[in-house]
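Good morning, colleagues. I would like to take a few minutes to walk through one structure, moving from a loop to the ligand site and then to the helices and aromatic rings.

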Amino acid sequence: RVFRSGQFIMGPEVTQLESAIAELTATKHAIGVSSGTDAILLALMALGIGPGDEVLVPTFTFFATAGCVSRVGATPVFVDACPICFNLDVNDARLKVTSRTKAIIPVHLFGQSADMDAVMALAAEHGLHVIEDGAQSIGAAYKGRPCGSIGHFGTYSFFPSKNLGGFGDGGALVTQDDALADRARLLRTHASKRKYYHHFVGGNFRLDPLQAAMIAVKMPRYAAYTAARQANADYYLAELSQLPGVVQADPAHCKCAAAQNAALAAADARIVLPVAYPHNTHIWNQFTLRVLGTGQRDALRDHLNAAKIGCEIYYPVTMDQQKCFADTPASSRIGCEVAHQLAAEVISIPIYPELTADQKAEVVAALASFLA
Ligand SMILES: *Cc1c(COP(=O)(O)O)cnc(C)c1O
């Protein structure tokens, strides 16, 4: 259809996908863009964030979130992680607000929402903009509200490993605010309302209509993909919790590493299972275990590799420890101890919708033999 139309830039395929994304995420405006990274960059540009500004970002996440803050000339300030839900610790974010702080970017990591009531309360108190990085959480919800629909902007990625994966790069930006949507749409195409006349500097952040058309084919099936991931997670939680040394993370310890460490020690825990909070709709982009004890995570990775079971470490190095941020002020890189611990303990096992019953049983058997 796209080839026959001859329209290879923007047009109805992009507009139709944008409508579908706006509906899925309960937002007024969805703007198709070139990647999840560019969605974050565009949001920061539309909010006018730049040199001299500080932006609070989780330290335990994918690089794009912090990278975009640096690209607009602002300073990323790294926030520690919650050991239970892996998302940013809003209590730590609060300690790191200064007179220069302009925005906060909660990431809804692994398919589960960050604590948005706390984020929005902190933002209201200090007049901060909120950009929700929903790259891993399109269709997830916080207290019934779609991830990405709560802050000033929400961003999504269609990178093939995301739940709504495309066939190449792509992304989307959403907002409820008409003026912000107008500005982001302008910036998406070099900020020219009238061709060849530029009132400010934008870029080329367009979503390819070929990608849009292919992602649109997946849209009607997206709920089924998500249900399959949720069923896989339920299976793992039921089966793995029966193995010796395996415990489920306790939501009561959210953002309280000390209480959780004490409980884990008392239980002689070796592996901690992830938990979906009752108020969240978790879409399980990743099923991430914590493997306790020095060297144990890497030993499990070797064990799974030997059994030819795919696994990945998201993320082995936190943002405050990246070489490229070494020249940010030292005060922006303090107090990230929980995140450092997570980076040494986490490993994600296969959770994709197409997993067969045999494959899931194989994963459980491999974990059982590791623990034996
Ligand atoms: C994947 C991802 C991005 C970037 O998305 P791309 O489409 O790959 O640019 C940003 N943030 C998070 C949390 C991600 O997982």
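Let me begin with Ser 192, which lies in the loop that runs between helix 7 (178–188) and helix 8 (209–218). Please keep in mind throughout that this is a predicted model. Setting aside neighbours within four places in sequence, Ser 192 is in contact with Leu 186, Tyr 197 and His 198. Ser 192 and Gly 203 are 11 residues apart in sequence, and their C-alpha atoms are 9.9 Å apart in space.

Two other residues of this loop deserve a comment on their backbone. As general background, most residues other than glycine have a negative phi. His 190, in the loop between helix 7 and helix 8, has a phi near 55 degrees, a positive value in a residue other than glycine. Ala 191 is found in that loop between helix 7 and helix 8 as well, and its phi is also positive, at about 50 degrees, although it is not a glycine. Are these two residues buried or exposed, or something in between? His 190 counts as partly exposed because its relative accessibility is 39%, a value that falls between the cut-offs of 20% and 50%. Ala 191, at 3% relative accessibility, counts as buried.

I turn now to the ligand. Which residues come nearest to it? Of the 15 residues around the ligand, the nearest are Gly 36, Thr 37, Asp 133, Ser 157 and Lys 162. Three of these make contacts that I would like to describe individually. A polar side-chain atom of Thr 37 lies 2.5 Å from an oxygen atom of the ligand. In the side chain of Asp 133, an N or O atom is 2.7 Å from a nitrogen atom of the ligand. For Lys 162, an N or O atom of the side chain is 2.6 Å from an oxygen atom of the ligand. On its own the ligand has 380 Å² of accessible area, and the protein covers 94% of it. Sorted by class, the surrounding shell has 6 nonpolar, 7 polar and 2 charged residues. Helix 3 (residues 36–46) gives the most to this shell, with 3 residues.

Helix 3 brings us to helix 4 (residues 64–71), since the buried residues of helix 4 pack against helix 3, as well as against strand 2 (54–58), strand 3 (75–79) and strand 5 (129–133). Why can helix 4 be called largely enclosed by the rest of the structure? The reason is that 6 of its 8 residues are buried. Those residues are Ala 64, Thr 65, Ala 66, Gly 67, Cys 68 and Val 69. Just after helix 4, Gly 73 takes a positive phi of about 90 degrees.

A second helix with a buried side is helix 12 (residues 337–345), where Val 338, Ala 339, Leu 342, Ala 343 and Glu 345 are buried. In an α-helix there are 3.6 residues a turn, so residues three or four places apart point the same way. The buried residues of helix 12 pack against helix 10 (257–266), strand 13 (287–291), helix 11 (296–306) and strand 14 (346–349).

For a buried position in a strand, consider Thr 175, which lies in strand 9 (residues 171–175). Thr 175 counts as buried because its relative accessibility is 2%, under the cut-off of 20%. Its side chain reaches the backbone oxygen of His 152 at 2.7 Å and the backbone nitrogen of Asp 177 at 3.1 Å. Beyond four places in sequence, the residues in contact with Thr 175 include Thr 27, Lys 28, His 29, Phe 153 and Leu 180.

Finally, the aromatic rings. The count comes to 12 aromatic pairs. One of them is formed by Tyr 314 and Tyr 315, an edge-to-face pair with 5.5 Å from centre to centre and 65 degrees between the planes. These two residues are also joined by a cis peptide bond, with omega about 10 degrees; most peptide bonds are trans. Tyr 315 lies in the loop between helix 11 and helix 12. Tyr 315 counts as buried at 11% relative accessibility, whereas Tyr 314 is partly exposed at 23%. Ring pairs link both tyrosines with Phe 60, Phe 62, Phe 86 and Phe 110 into a cluster.

Thank you for your attention.

Notes: Residues are numbered from 1 along each chain as its sequence is written. This is a predicted model: local features need pLDDT of at least 70, side-chain atom pairs count only at pLDDT 80 or more; totals for chains, interfaces and linings use all residues. Side-chain values use heavy atoms; hydrogens and water are left out. Buried means under 20% relative accessible area, exposed over 50%, partly exposed in between (1.4 Å probe, protein chains only). Helices (H or I, at least four residues) and strands (E, at least two) are DSSP runs, numbered from the N terminus. Contact means heavy atoms within 4.5 Å. A residue is near a molecule or strand if one of its heavy atoms lies within 4 Å of it. A polar contact is a pair of N or O atoms within 3.5 Å; within protein, one must be able to donate a hydrogen and the other to accept it, and residues adjacent in sequence count only if both atoms are side-chain atoms. Accessible areas come from the Shrake-Rupley method with a 1.4 Å probe; for residues, only the protein chains shown count as cover. Ala, Val, Leu, Ile, Met, Phe, Trp, Tyr, Cys and Pro count as nonpolar, Asp, Glu, Lys and Arg as charged, and the others, Gly among them, as polar. Rings of Phe, Tyr and Trp (its six-membered ring) pair if their centres lie within 6.5 Å; planes under 30 degrees apart count as stacked, over 60 as edge-to-face and the rest as tilted.
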